[in-house]
Amino acid sequence: MTVELSRPVSRRLLGTETLLVLGLSLGQSAVYAVVSIIAKLTADGPLSKQTASLNTSASSRPWLDLTYQLLGIVFALLPVLLAVHLLSRDPGDPARTLGLDGRRPGQDLARGAGLAALIGLPGLALFWVAAQLGVNATLVPAALPDLWWTAPVLILAAVQNAVLEEVIVVGYLVTRLRQLHWRLAAIIAASALLRGSYHLYQGFGAFVGNAVMGVVFSLFYLRTRRVMPLIVAHTLLDVFAFVGYALLPREWFDWL
């Protein structure tokens with residue numbers, strides 16, 4: 001007897017799938033970020049006097065710290081593999097559907113660098129304004145010890161963040177919401193608000209800045225159907241933030 005393994009995918013099934021993917025990845029991060037900002041707002045002292053640290057040490061023993069850092073990077077990418085795997089049920093190659101292939105390396109690099117400049121320079125200004133207004137926590141982009149592997153791990157963390165966020169929050173989410181027949185404005189808003197929400201632990205300035213970035217990135221993806229330039233742009237922004245903070249004089253970043 002032959003068992004039929006395939007069946008039409010209903011809108012309800014797609015909706016449940018989308019919620020599960022988000023719940024295992026950045027939707028979960030958004031919930032924790034909301035709890036974190038509530039904790040900061042209800043703690044003693046103003047938000048501006050509190051700290052939000054990224055890329056923190058996981059052990060006082062360097063080799064064990066490196067092991068934890070690498071494991072964290074690898075396992076954080078599993079939701080990306082899951083999303084691409086689920087998209088493989090759709091017609092066509094999921095990598096081409098997302099624009100996650102290497103067909104246009106030169107164009108992807110150029111567009112990514114342009115997007116990084118477009119987002120990065122106004123983003124720095126917004127962070128400065130948020131710091132002056134006291135609506136952000138003090139940001140520490142890198143809190144790893146000064147070891148031989150610090151810069152390479154920070155670069156890998158930047159790549160991991162970029163791949164996870166752009167594939168899930170833009171490529172996968174936009175694709176699924178279009179299949180669920182959401183309006184374009186609602187799709188852009190959902191992607192942008194999700195991106196802003198999982199940065200709330202840094203403060204309200206970070207929420208606004210990342211939501212604006214989400215609008216720009218969603219519009220770019222809807223027009224080009226390529227997530228690779230977004231990964232390039234995000235990687236460049238995070239490498240500048242993480243490695244720059246770790247290597248440059250700390251007083252340069254007092255305004256954060």
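Is R104 buried, exposed or partly exposed? In this predicted model, R104 is partly exposed, since its relative accessible area is 35%. Patch membership calls for over 30% relative accessible area, and R104 is indeed counted in a surface patch of positive charge, alongside R96, R111 and R223. As for its setting along the chain, R104 lies in the loop that links helix 5 (94-98) to helix 6 (105-133).

The surface also carries a patch of another kind. Here the nonpolar residues Y68, L71, V74, F75, L78 and L81 come together, and their accessible area adds up to about 610 Å². Two elements, helix 3 (62-76) and helix 4 (78-87), each give two or more residues to this nonpolar patch. Helix 3 is the main contributor, with 4 residues; V74 is a patch member that sits in helix 3.

Turning to the interior, the largest nonpolar core holds 38 residues, and those touching the most other members are I168, L194, F217, Y221 and L230. Many helices take part: at least two core residues come from each of helix 1 (11-23), helix 2 (26-41), helix 4, helix 6, helix 7 (150-179), helix 8 (184-197), helix 9 (204-224) and helix 10 (228-247). Helix 7 gives the most, supplying 11 residues to this core. Helix 4 is worth a second look, as this helix appears among the contributors to the nonpolar surface patch and also among those of the core.

Note on methods. Residues numbered from 1 in each chain as written. Predicted model: local features only at pLDDT ≥ 70, side-chain atom pairs only at ≥ 80, totals over all residues. Heavy atoms only, no water. Patch = residues over 30% accessible without salt bridge, like charges linked within 9 Å, V, L, I, M, F, W, Y side chains within 5 Å. Areas by Shrake-Rupley, 256 points an atom, 1.4 Å probe, with all protein chains shown as cover. Salt bridge = Lys/Arg side-chain N within 4 Å of Asp/Glu carboxyl O. Lys, Arg positive; Asp, Glu negative; His and termini not counted. Charge placed at Lys NZ, Arg CZ, Asp CG, Glu CD. Buried < 20%, exposed > 50% of the residue type's maximum accessible area, 1.4 Å probe, protein only. Core = buried A, V, L, I, M, F, W, Y, C linked by side-chain atoms within 4.5 Å.
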